[in-house]
Amino acid sequence: MNYEDLMLHAITNAESFKYTAKPNPVVGAILCNENEVISEGYHEVYGENHAEINAILKAEELLGKKFNNFSDLTLISTLEPCSHQGKTGSCAKRIAATGIKNVLIGAIDPNPLVSGKGIKILEENNVKVISGIHKELVESQNSFFFFKHKNRRPYIILKIASSLDGKSHFDNGERTIITSQASRDDVQVLRATCDAILTGGNTVKNDNPRMNARVDFPVNQPKKILLSSKEFEMNLNFFKDGQVKIFKTKDLGEIINSIGSEDISSVLIESGPKLANSFLKLGLIDEIISYTSNMNLGQNAINWFHEENAIEKYGFKLESSYKVDTDLKEIFKKNE
Ligand SMILES: NC(=O)c1ccc[n+]([C@@H]2O[C@H](COP(=O)([O-])OP(=O)(O)OC[C@H]3O[C@@H](n4cnc5c(N)ncnc54)[C@H](OP(=O)(O)O)[C@@H]3O)[C@@H](O)[C@H]2O)c1
């Protein structure tokens, strides 16, 4: 069997579960003998079975039919099997208990609860382990998860919708629609990709947004985070579905540390200019996604920034840029 190709296959198919496995990483596992694939398993839904367990359960049904002994099988797993008990038990212990003797791993789990410990359990049980097969692909496929464990805080994306003349909204206590329906649909998918959405009190008061991911595929809905010292009526749209966490402090570093200690690897900020600039000044934003419409709002509207080329001055460089209907979508990443 070509193990590298099987690893690529597991990586590719694991991607299908990126909206339902989050905030966990996507993981794929394949069991094969020398001639054929016996079973495949994926981590499909957060809180449910890990990929390796799903592959083992499927193989158990074929024991004595397609193969006679787990010791004849090789397990290919895109991520190091977990060592800790977690929500579903230790995968490394379960693999060892089946009698599997060979395990090939894509990337080592960056979670300090697991990192290297899953491999240790396997080796202590006389399982031969090789890791690092298509490691970069596994890491980029789970970039938020790897970022969080490396930097000990979530990856933070700021989304802004801007008029051609650089405005955010009219200060009239109502929602200002700037961009096309296609851009707003694109934002729904962006929300579906992230583990949490964060906004401020003025936005919740003026726009009454739902801030959930309204997409036509299954998604583990992002948690909602509100920064405000104000009191709110709980019948506002923002509080209607999903978990909401409210922070009354204005210390953004403290807030991000607190969010980072939870099961959140990525945060999408959808706020107005005041809160967005506060985050930018502290250097807490990793990526800016900007949608610019082809209309001007004029002098009475509120500016996103006070300076020309503010995004670049905050240390970002344009990474990609393309049209979404009549709008321009631009992605800026932090200069390394
Ligand atoms: N064009 C767009 O993409 C877009 C997106 C979202 C919103 N908007 C518009 O933006 C307007 C509101 O903008 P905004 O910036 O005034 O309000 P905002 O987005 O609600 O941000 C300000 C809020 O953040 C809270 N906050 C906590 N810590 C802060 C800090 N360190 N620095 C600044 N604020 C902090 C404030 O708390 P307190 O309540 O305690 O003062 C305040 O409620 C809305 O009317 C909406 O229409 C536009």
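In helix H11 (273-281), Leu275, Ala276, Phe279 and Leu280 are buried, meaning that 20 or more other C-beta atoms, placed from the backbone, lie within 10 Å of a residue's own (12 or fewer counts as exposed, in between as partly exposed). These four sit on the same side of H11 because they cover an arc of only 135° around the axis, taken from the directions from the helix axis to the C-beta atoms. An α-helix has 3.6 residues a turn, so residues three or four places apart point the same way. Over on the other side of H11, Lys274 and Lys281 are exposed. Packing against the buried set are E6, E8, strand E9 (223-227), helix H10 (252-260) and strand E11 (266-269), with contact taken as C-beta atoms, placed from the backbone, within 7 Å. Helices (H or I, at least four residues) and strands (E, at least two) are DSSP runs numbered from the N terminus.

All this comes from a predicted model, where local features need pLDDT of at least 70 and side-chain atom pairs 80 or more, while totals for chains, interfaces and linings use all residues. Numbering starts from 1 along each chain as its sequence is written.

Lys274 turns up again at the ligand, among the closest residues along with Gly200, Gly201, Ser271 and Gly272. The shell has 27 residues, each with its C-beta atom, placed from the backbone, within 6 Å of the ligand. H9 gives the most, with five residues.

Helix H4 (residues 91-98) has its own buried set: Cys91, Ala92, Ile95 and Ala96. They too cover an arc of only 135°, which puts them on the same side of H4.

Terms used. Two residues are in contact if their C-beta atoms, placed from the backbone, lie within 7 Å.
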